[in-house]
Amino acid sequence: MSKVVKGESRGKKVKGSTSSAFSVTDSESNIWWFVFGAVLVLTFGTRFYKVTEPDHVCWDETHFGKMASWYINRTFFFDVHPPLGKMLIALSGYMTGYDGSFAFSNPGDKYTDVNYVGMRVFCTLLGAAIVPFCFCTVWEMTQSLTAAAISASLILFDIGTLTLTQYILLDPILLFFVMGSVMGMAKFNSYSDQSFSKPWWFWLTFTGIMLSCSICVKFVGLFIVVFVGLHTIYELWDILGDLTKPISYSVKHFLARALCLIVIPAMLYAFFFYIHLSLLNKSGHGDGFYSSAFQSQLKGNSLHNASMPRELAYGAVVTLKNQRTGGGYLHSHWHLYPQGVGARQQQITTYSHKDENNKWRVKKIDVEPEKNDPVQIVKHGDLIRLEHISTMRNLHSHDEVAPMSRKHYQVTGYGENGTGDANDVWQVLIVDGKKDEVVTTVSSRLRFLHFLQNCVLTATGAQLPKWAYEQQEVSCNPNLRDKNAVWNVEDNIFPKLPNVSFDVYAPSFLERFFESHAVMLQGNAGLKPKEGEVTSRPWQWPINYRGQFFSGQPYRIYLLGNPIIWWGNILFLLSFLLVFISSMICEQRGITISDPSFQERQQRLKNSGAWLFVGWFLHYVPFWFMGRVLYFHHYFPALLFSSMITGIVLTYILDTILLYVPERVKASVFHWVVGTILACTTYSFILFSPLAYGMAGPLANDPNSTMYSLKWMESWEF
């Protein structure tokens with residue numbers, strides 16, 4: 001009843017082939033390779049065209065180029081993303097002659113005498129690979145050359161994907177590993193009837209490696225891990241239901257997947273962090289986000305190879321570091337709280353960087369220290385004052401509301417030349433301490449209890465406004481168990497006591513590994529938009545509501561999806577749901593097509609579309625529940641899945657239509673429809689290609705602009 005059209009797979013299996021491999025004639029094999037070759041040529045032609053332009057820093061190249069420089073120079077830094085993507089960028093730069101000397105200070109900075117091309121080409125190469133990966137994935141899942149070609153063309157001719165994968169960014173690397181994970185899963189599944197063969201083990205291990213790399217580029221790589229995990233559970237459940245095999249067979253499958261999809265990726269992930277922490281062994285701007293013990297391992301840090309008194313004495317000059325993840329140093333400066341923000345006294349904040357304004361002197365409550373005073377050690381339960389070294393004002397709290405945390409009391413700097421009042425008195429309490437227990441450097445976990453207000457000194461983590469230079473709030477919390485009210489002495493300057501080496505505090509690799517994750521996750525959750533920065537919400541992404549400038553005048557680059565493809569993807573996502581539901585109803589009612597080959601092919605398309613829909617859902621819906629700042633480019637992993645769904649749904653609908661087309665015109669109709677689809681995507685790519693390859697002249701809202709006719713939505717800013 002239905003005949004397989006030219007270019008599609010046939011219904012019979014080859015002897016000895018895998019369960020998903022259908023027999024093809026030599027002619028059809030030649031067509032497959034011709035189409036795949038065309039995809040490769042067009043991909044690399046479109047991706048590497050003008051890859052060196054513009055020859056200045058574009059958008060987030062200022063971040064990731066700078067981080068590549070820090071890797072090459074082995075300078076430690078803090079970033080909210082895991083290290084693999086940045087290490088790969090640094091490696092590509094190092095191997096192509098970049099010496100790590102360029103500052104990458106601001107977007108628009110010229111690459112004068114800078115060998116940046118190697119890093120651009122590397123990122124572009126990985127970004128280009130997602131198109132053939134997509135082709136192979138859809139082919140393995142559906143055995144449909146039409147679906148594979150259409151899906152690949154939707155990614156190939158998408159202007160947004162092209163733009164995002166041509167620069168020194170993490171996104172092309174993330175998309176490469178995400179798409180590689182899906183392809184690995186599809187290839188592995190194609191060897192399901194050759195369990196434990198060499199190709200079976202290869203693709204299972206390949207998938208695990210891709211998963212590990214995905215999550216080690218960005219934490220959103222977790223979504224692809226969940227996707228492959230769900231598919232693996234489904235496979236294992238199916239194997240368990242095969243009553244022709246003993247239970248030991250199911251156990252072997254489980255152990256193989258546990259090894260290749262859990263154990264090996266976890267070890268590889270930890271190994272990447274080992275390289276990261278070994279490479280970055282010099283002190284840098286990000287030191288202050290980490291604990292004192294962590295910092296002691298960084299060359300050039302004041303704590304590296306440092307020696308200082310083990311015990312804290314009255315008269316010592318100290319810095320106090322908050323022990324909340326990523327906590328800063330207790331800090332003050334000459335500036336006052338503004339009118340209407342509590343008492344107009346000196347600001348107290350936490351600051352994440354080393355600074356002279358982080359230093360405090362420990363004093364008794366009623367006696368000023370003298371040079372010849374005998375040494376007296378600070379103990380658990382002592383009443384003290386803390387005098388800010390630079391401004392000579394005391395740490396102070398009173399019955400005024402804190403600037404951000406309205407249930408807390410305000411903390412200020414008060415007094416003149418160290419003389420204040422009774423509200424400057426704090427009681428030192430060692431967490432779980434005992435009477436007369438000595439306060440020690442780094443290791444003692446301390447709370448500072450205000451003697452009159454009965455509240456504890458707390459770093460809330462709330463960011464203060466510009467009047468406090470966007471540093472973090474310090475308050476006094478009546479909740480004495482606040483987990484953010486724990487501090488430690490980091491620097492301890494007191495010449496009268498003997499020094500001990502900081503090596504005694506050296507953390508193990510695992511301690512540094514877990515601390516790195518705690519700091520990254522907290523930093524990720526706390527990301528806020530910078531002033532004037534364009535952010536977006538998830539509802540805007542699928543409809544291509546607003547793009548993002550990568551480069552301004554005179555050579556404008558604008559990240560925006562190809563509207564024909566993106567709006568088509570929305571239509572076919574909805575169509576897939578309708579097709580899936582209607583086919584289930586037909587199945588339930590016993591309405592079937594008599595041709596078994598056609599039925600099998602349609603079932604493969606539906607099953608493939610269903611899993612890809614799960615992938616799209618996992619890569620898109622979680623963003624609706626995130627509190628952190630979001631950007632347009634976060635949608636692109638989901639776009640890969642929606643594009644593959646579109647290719648599959650179009651093929652499914654086309655196959656169904658061809659059932660009712662007379663045999664003599666079936667091939668013509670097929671070629672006309674597929675040709676029209678490819679022509680539309682190609683033409684729309686040509687129309688919008690200046691967004692990726694560079695625009696000059698007036699903006700599109702000017703009638704004299706060459707892009708005037710393409711401004712289809714008011715929210716587009718190109």
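Cys134 counts as buried in this predicted model, at 0% relative accessibility, where buried stands for under 20% relative accessible area, exposed for over 50%, and partly exposed for anything in between (1.4 Å probe, protein chains only). The closest cysteine sulfur to that of Cys134 belongs to Cys136 and lies 9.2 Å away, too far for a bond. Cys58 is likewise free of any disulfide, with the sulfur of Cys123 as its nearest cysteine sulfur at 13 Å. With a relative accessibility of 1%, Cys58 is buried.

How many disulfides does a search of the whole structure find? The search, which takes a disulfide to be a pair of cysteine sulfur atoms within 2.5 Å, returns one. The partners are Cys455 and Cys476, with 2.0 Å from S to S. Their link is right-handed, with 95° about the S-S bond.

Where along the chain do the two partners sit? Cys455 falls in the loop between strand S10 (446–450) and strand S11 (456–463), while Cys476 belongs to strand S12 (residues 472–477). The pair is 21 residues apart and thus links distant parts of the chain. Strands here are DSSP runs of E with at least two residues, and helices are runs of H or I with at least four, numbered from the N terminus. Both ends of the bridge are hidden from the surface by the cut-off above: Cys455 is buried at a relative accessible area of 0%, and Cys476 is buried at 0% too.

Residue numbers start from 1 along each chain as its sequence is written. Local features need pLDDT of at least 70, side-chain atom pairs count only at pLDDT 80 or more, totals for chains, interfaces and linings use all residues, and side-chain values use heavy atoms, leaving out hydrogens and water.
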